[in-house]
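Hello,

Here is the structure I promised to pass on to you. Please open it first and have a look around, and then read my notes underneath.

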Amino acid sequence: MPKQPPFRMDSASSRDDEIVQLIIKHQSALRAFLVSLMPGRPDVEDLMQETSMVIWQKRAQFEAGTDFKAWMFSVARFRVMAYWRDEKRSKESALPEKLLNQLADQAVEDGFEGIDQRYQFLGECIQALRPEDRGLLLRRHLAGVTAGDLAHELGRTNNSVRVSLHRIRAIVRHCINRRASTMEGLT
Amino acid sequence: MSEWKIDGREVSPTSLWRVIEDFENGALSLEGQEELLRILEESHQARAIYLKHFELTALLQIKAATQAEEGTLPVLNDRLLQRKILRLSVLAAAAVIALLAGFAAFVGLNSPEPRSVALTASQGSAWTISENGDDPKPSLQAVEEGSTLHVSSGTVVLELESGTRFVVQGPAKVRFPKLETPVLEHGWLWTDTGAEAGELKITTDTHWFRDIGTRFGVRARDDQQVELHVFEGMVEVGTPTTGKKSKVLPGKTGFVIAADGELVDTALAVDPFPGLPDLLQAQPRYATTVMGQAPSGYWRLDEAVVGNMTNQVPGAPAGMCATSVDPRAAGMRPASGFYGFEEGNRGAYLPGEDSQSVLYQLDSTAGVSLEEGSVAFWFRRAPDIETTEVLWYAGVPDGGGLGPQIEMHAFLSESGNLQFFIEDGEQDVLLSSSQNSTDNQWHHVVVSWRRAAVELYLDGQLAARDQSDRTKRDSHLTGTNIRFGKTGSGRAPGPGDLGYFRGWVDEIALWSRALTETEVDLQFRSARTQALRVPEEE
């Protein structure tokens, strides 16, 4: 009689593993999707977790071989709409529902393809920045830190910090684009 | 290209990035927000920009959180701290002289941020940037208005938001009072203007050059002469001292511009833009360092076959490999400590037995000038040398070595010492290294010559220098008699002539300018190190 493995690998646990892997794989794209639909809002982390939780709860509905990312985005879209419909929520910086749907559709269509590659380029491009620029840009993107916070910390005006951030961000954006173009040229 | 209006002003796709960023930061007026949302609803292109913007935000959030967890998030540095201290000082002064300090603070706090442009460079390049009179800092990645870029070696590229590109080929020094009006102090500055470019003007000590939708290069030479090379469009040249203006179109020659504004033909330089993408993505290797130094010819010999040697410089002529040469011999390789080369790097073996033991037509588009230039190569020779042997030769067809004809050559003496000889018809210079180089090891050789000095480098070190002023007229050598392994094509080596070279050669490169000590050092180090590191910021 063949020896039994120490634990049983049935089809359900294998499928669960696959779902977990897919959730992890598409975290960057999910964040980009949510940040786009909730511009400047600090609640993106909550929505990330909620979306992942819903996907886990509904994992049985996911058909293997279909587009997991599109399904994840559709779940996230409904969470965002629910977020904005909350009567108690401040509607400042809210996107009109029509635009929200347009952006969501376009994001699903584009799928943030190549985002992981661009994350790698981002690391290289940030490393090439001057240390003070690198520090300013990254600190701005820590959860809960605003340009106003940095302006206060540095004794500068909000406008001056925003101009600096725009300049640094443009450098990084161009750097990533250049590397991506180079990569395209190689393939 | 689409244009939109937000808050009453035209918004191009380029400006839209800024508007979206303001929107994200809550810094857009209510009317501006409404305009932006309307544009986004109406334009697929605007939504694409919007999504790209927030993708970068998301990636930055991930990066920031990761570095914060790792404890590697950079602190806001001393420079910013110094600014803060300065502002605090201003505020302290305000308590004493309230009105004056208040005004100063108002001016200080409302001064616009200097514009800047990102910088990229070929691997193995070395440069410094001094900002507003500060000490030069090496390897910064952006040039601000008001700063000075000093490239000691390699190729540095700046790309403005308008799409205009500047290429600075070291050694060069360029000031940027404004990004669109650079001042070239010395060296090469090239520009290729983009479709959206506004006015662009390059200034030197003696002239200015106004771009009219062009691709062109300006060289400010050490002898105070200025050269202009136009490849596309039209350039207007002005000479302030005489008021003379000329318009220059692309042609088969470049121009030296005299002090009075007159244009004199000179050989057209190599346009750096076609090879730029390959150069910027190239790995940190010896070849990348050489190409970054803008040679006029470069024969790596990796793809050499009898009858042809590829020239790495775009548009430059191929070299020729004669029938006795083995073009598949091993070159420098990582296993021997030459980490700047590939495992399969190939060179050539010259048996030195007959007139077919030669690599020839090692020429550039502009030929080789006796007035100024450089050559670099690697060679390996067994210790059994008995007579003089010629390495690189440029001269007249009947030159046999050591004059009296017009010729120059690097060669090995009977005792195996590396030497260089240059004869321009009136004066000659002979340089000699003090060590025997026939030890069966690869050696790096660079010779550079200009009117004020002739220099011989061996393995990255200056071996000999002559600084007697060579004032002879210029003379250009071209074609088949720029060669390796044998003297002039019209003469078989006889008694008193330099003999055939018997040994290995690799990586022959030619420049129409004198290389500097820094450039030679970087070449040698990039051959011996796995990834050449230029000095980091202190």
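**Around His207(B)**

Leaving aside neighbours within four places in sequence, His207(B) is in contact with Ile202(B), Val226(B), Gly238(B), Thr239(B), Pro240(B), Ile257(B), Ala258(B), Ala259(B) and Gly261(B). Please keep in mind as you look at this residue that the model is a predicted one. His207(B) sits in the loop between strand S11 (201-203) and strand S12 (208-220) of chain B. Is His207(B) buried or exposed? Its relative accessibility is 2%, so His207(B) counts as buried. The side chain of His207(B) also has polar partners: the backbone oxygen of Ala258(B) lies 3.1 Å away, and the side chain of Thr206(B) makes a polar contact with it at 2.7 Å. Ala258(B) therefore turns up twice, once in the list of contacts and once through its backbone oxygen. 

**How far to trust the model**

The model scores ipTM 0.91 and pTM 0.58. For chain B, the mean pLDDT is 83, and 87% of the residues reach 70 or more. Two stretches of chain B call for care when you look at them. Over residues 77-111 of chain B, pLDDT stays under 50, and the model has 23 contacts beyond four places in sequence for this stretch. Residues 531-538 of chain B also stay under 50 in pLDDT, and for them the model has 18 such contacts beyond four places in sequence.

**A disulfide in chain A**

How many disulfides are there over all chains? The count comes to one, and it joins Cys125(A) to Cys175(A), with a distance of 2.0 Å from S to S. The angle about the S-S bond is -85°, and the link of Cys125(A) and Cys175(A) is left-handed. Cys125(A) belongs to helix H6 (residues 115-127) of chain A and Cys175(A) to helix H9 (residues 158-186) of chain A, so the pair ties together parts that are 50 residues apart in sequence. Both Cys125(A) and Cys175(A) are buried.

Helix H9 of chain A also holds Arg173(A). Its relative accessibility is 8%, so Arg173(A) counts as buried. Which residues does Arg173(A) touch, not counting those up to four places away in sequence? They are Trp17(B) and Leu56(B).

**Helix H4 of chain A**

Another helix to look at is H4 (residues 68-85) of chain A, which has 18 residues. From its first C-alpha to its last, H4(A) reaches 26 Å, close to the 26 Å expected at 1.5 Å a residue. At the start of H4(A), a side-chain oxygen of Asp67(A) comes to within 3.1 Å of the backbone nitrogen of Lys69(A). Lys69(A) is among the buried residues of H4(A). Others that are buried there include Phe68(A), Trp71(A), Met72(A), Phe73(A), Arg77(A), Tyr83(A) and Trp84(A).

**Strand S33 of chain B and its partners**

Now to the strands of chain B. Strand S33 (residues 503-511) of chain B is mostly covered, as eight of its nine residues are buried. Several strands pair with S33(B):

- Strand S23 (residues 373-380) of chain B runs antiparallel to S33(B), and six bridges join the two. Phe379(B) has Val505(B) as its bridge partner in S33(B).
- Strand S20 (residues 346-350) of chain B is joined to S33(B) by three bridges, again antiparallel. Here Leu350(B) stands opposite Gly503(B) in S33(B).
- Strand S17 (residues 297-299) of chain B is antiparallel to S33(B) too, with three bridges between them. Tyr298(B) finds its bridge partner in Ala509(B) of S33(B).

**An open sheet in chain B**

Chain B also has an open sheet of seven strands, in the order S18-S21-S32-S24-S25-S26-S27, with antiparallel pairing. Which strands stand at the edges? They are strand S18 (320-321) and strand S27 (428-436) of chain B; each has a single partner strand, so one side of each is left without a neighbour in the sheet. Within this order you will find S25 and S26 next to one another. Strand S25 (residues 407-412) of chain B pairs with strand S26 (residues 417-423) of chain B in the antiparallel sense over six bridges, and Glu407(B) has Glu423(B) as its bridge partner in S26(B).

One last residue to look up is Cys321(B), which is buried, with a relative accessible area of 3%.

Enjoy exploring, and write back with any questions.

Best wishes

Terms used
Residues numbered from 1 in each chain as written. Chains lettered and ligands numbered in written order. Predicted model: local features only at pLDDT ≥ 70, side-chain atom pairs only at ≥ 80, totals over all residues. Heavy atoms only, no water. pLDDT = per-residue confidence, 0-100. Contact = heavy atoms within 4.5 Å. Helix = DSSP H or I, 4+ residues; strand = E, 2+ residues; numbered from the N terminus. Expected span 1.5 Å × (residues − 1). Buried < 20%, exposed > 50% of the residue type's maximum accessible area, 1.4 Å probe, protein only. Polar contact = N/O pair within 3.5 Å; in protein donor to acceptor, adjacent residues only side chain to side chain. Pairing = 2+ DSSP bridges. Disulfide = S-S within 2.5 Å.
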